[in-house]
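Trainee: I'd like to learn how to read a protein model, feature by feature. Could you walk me through one?

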Amino acid sequence: MSEAPKLFKVTIDNITIEVAPGTSILNAARQIGGDVTPPAMCYYSKLQGSGGKCRTCLVEVAAGSTADPRPMPKLVASCRTNVMDGMIVKNITSERVIDARNGVVEFLLLNHPLDCPICDQAGECHLQDLGYDHGKEGTRYEFSRRTFERENIGPYIQLHMTRCILCYRCTYVADQLTDKRVHGILDRGDHAEISTYISRAIENDFSGNMIDVCPVGALTDRTFRFKNRVWFTKPVDAHRDCPTCCGKVTLWNRGDEVLRVTARKDQWGEVQSYDGKPGWICNTCRFDKKKLSDWVIDGPTKVARHSVIGANHYIDTKRPQETIAEVMGGRKPKLLMDIHKVSDVNKPEVLLSELPGPATGDTFEGDVNDYSTNITDGKMGNPVNEEGTDSTNPNTA
Ligand code: SF4
Ligand code: FES
């Protein structure tokens with residue numbers, strides 16, 4: 001009978017667990033969960049070779065192993081360093097780590113615009129979260145920030161390179177999920193950029209997954225851009241019998257409208273796995289199935305409590321007893337005010353999901369079919385930027 005493989009004991013922030021040899025410090029910390037887990041902007045467990053680019057996951061190794069308990073002199077990238085038996089790791093209990101992470105975030109924000117108020121990723125952006133945890137209120141950077149023209153990569157994806165943090169995740173998706181990668185990182189250093197080189201469109205059944213893995217707002221869904229803020233939508237888990245992918249998705253609804261379809265994400269912001277396989281979804285499910293009747297609803301999506309999207313999505317809450325009807329002689333609050341009568345932005349006849357671009361003021365005050373003429377935001381059109389929009393504005397701070 002073969003012996004069960006010996007497990008390695010590792011202590012992270014004073015919590016000891018046993019993990020299989022070959023486990024990275026980051027994945028060991030994920031098994032513990034909570035604050036002990038370092039943030040990861042470039043590592044993605046479902047993408048082979050990812051990690052080692054962003055340095056947000058740095059940790060201190062206070063003791064290398066039982067056999068050699070010397071500390072490691074420098075902080076190490078936890079996504080690329082495997083545990084040893086008896087290793088002692090410090091993450092949030094190390095001042096050096098916190099200081100280094102503050103510095104890494106400052107570096108990531110050197111060129112990244114602080115345009116969260118108009119960025120579609122706001123509310124589910126890992127850099128935004130990191131910025132809140134480790135960001136400084138000012139910048140020491142005195143040079144002009146890098147800015148790029150926005151670029152449409154095919155009919156469904158828009159690249160806003162100004163926001164890219166060069167994590168390489170999207171290139172791994174293209175390499176590992178699609179059969180013809182036509183984009184990559186060109187040039188090096190301050191000139192490095194994601195590009196399709198000769199602006200060739202990425203047309204592939206699984207290319208939309210690049211949007212899901214992008215940790216910032218650099219790759220966005222053109223069918224959803226500027227349609228809504230994520231925290232106003234209600235995410236529900238749904239499935240369909242799809243011949244191409246697992247068909248298990250999250251629908252981001254506003255009322256009965258499906259505004260966006262994404263893969264289902266786990267607590268680390270990565271796509272969930274089913275039977276050990278990553279639940280990537282195909283472009284048909286993502287971009288073409290935008291009707292509730294296309295889907296079988298499984299139930300509300302469980303959203304992390306700290307996320308802004310989690311607001312109003314409490315499950316099993318105990319509501320206080322309603323007393324308005326009692327004191328109003330039986331009239332219920334909804335009889336007192338109909339939101340559609342008092343608000344211009346909640347007109348039921350406006351179908352945001354059916355508009356080819358973002359809605360405008362006119363959509364709500366005249367033509368319900370009106371949409372933005374900024375052609376980089378619409379589904380069709382040439383990738384030309386309007387002068388002065390966020391990505392061309394060098395003053396974007
Ligand atoms: S576009 Fe997004 S996923 Fe691709 S390298 Fe940039 S930040 Fe990463
Ligand atoms: S997550 Fe480890 S270096 Fe980026």
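**Reading the model together**

Mentor: Sure, let's begin with two strands: β7, residues 157-159, pairs with β10 in the antiparallel sense, over three bridges. Keep in mind that this is a predicted model.

Trainee: Which residue stands opposite Leu-159 in β10?

Mentor: That's Leu-219.

Trainee: What is the strand order in the open sheet of three strands?

Mentor: The order is β6-β7-β10, and the pairing is antiparallel. At the edges you find β6 (151-153) and β10 (219-221), each with a single partner strand, so one side of each has no neighbour in the sheet. Neighbouring strands here are turned against each other by 35 degrees on average, with direction ignored.

Trainee: Now the whole chain, please. How many helices and strands does the chain have?

Mentor: There are ten helices and 16 strands. The chain has 397 residues, and 49% of them count as buried. To read that, you need the cut-off: buried means under 20% relative accessible area. As for the outside, the chain exposes about 21500 Å², with carbon and sulfur atoms supplying 51% of it.

Trainee: And what share of the contacts with a separation of 6 or more comes from residues 24 or more positions apart?

Mentor: Those residues account for 62% of such contacts.

Trainee: Let's try another strand. Which strands pair with β11?

Mentor: Strand β11 (residues 234-239) pairs with β12 (residues 248-254) in the antiparallel sense, over six bridges. In that pairing, Trp-252 in β12 is the bridge partner of Pro-235. β11 also pairs with β16 (residues 296-300), again in the antiparallel sense, over four bridges. There, Ala-238 stands opposite Ile-297 in β16.

Trainee: How do I read a helix?

Mentor: Here's the general idea: an α-helix has 3.6 residues a turn, so residues three or four places apart point the same way. Now look at α1, residues 25-32: its buried residues include Ile-25, Leu-26, Ala-28, Ala-29 and Arg-30.

Trainee: What covers the buried residues of α1?

Mentor: The cover includes the strands β1 (8-12), β2 (15-19), β3 (58-63), β4 (76-77) and β5 (87-90). After α1 comes Gly-33, which has a positive phi near 85 degrees.

Trainee: What should I know about the sign of phi?

Mentor: Most residues other than glycine have a negative phi. Two cases here go the other way. Arg-55 isn't a glycine, but its phi is positive, about 65 degrees. You'll find Arg-55 in the loop between α1 and β3. The other case is Asp-275, with a positive phi near 50 degrees. Asp-275 sits in the loop between β14 (273-274) and β15 (277-278).

Trainee: Is Asp-275 buried or exposed?

Mentor: Asp-275 counts as exposed because its relative accessibility is 82%, and the cut-off for exposed is over 50%. Arg-55 has 38% relative accessibility, so Arg-55 counts as partly exposed.

Trainee: One last feature. Which residues form a nonpolar patch on the surface?

Mentor: Ile-324, Val-327 and Met-328 do, and together they have about 250 Å² of accessible area. Met-328 lies in the loop between α7 (324-327) and α8 (333-336). With a relative accessible area of 31%, Met-328 is partly exposed.

Technical notes: Residues are numbered from 1 along each chain as its sequence is written. Chains are lettered from A and ligands numbered from 1 in the order in which they are written. This is a predicted model: local features need pLDDT of at least 70, side-chain atom pairs count only at pLDDT 80 or more; totals for chains, interfaces and linings use all residues. Side-chain values use heavy atoms; hydrogens and water are left out. Patches are made of residues with over 30% relative accessible area and no salt bridge: like charges are joined within 9 Å, nonpolar side chains (Val, Leu, Ile, Met, Phe, Trp, Tyr) within 5 Å. Accessible areas come from the Shrake-Rupley method with a 1.4 Å probe; for residues, only the protein chains shown count as cover. A salt bridge is a side-chain nitrogen of Lys or Arg within 4 Å of a carboxyl oxygen of Asp or Glu. Buried means under 20% relative accessible area, exposed over 50%, partly exposed in between (1.4 Å probe, protein chains only). Two strands pair if DSSP finds at least two bridges between them. Axes are lines fitted to C-alpha atoms, for helices over the stretch in contact, and angles run from 0 to 180 degrees between N-to-C directions. Contact means heavy atoms within 4.5 Å.
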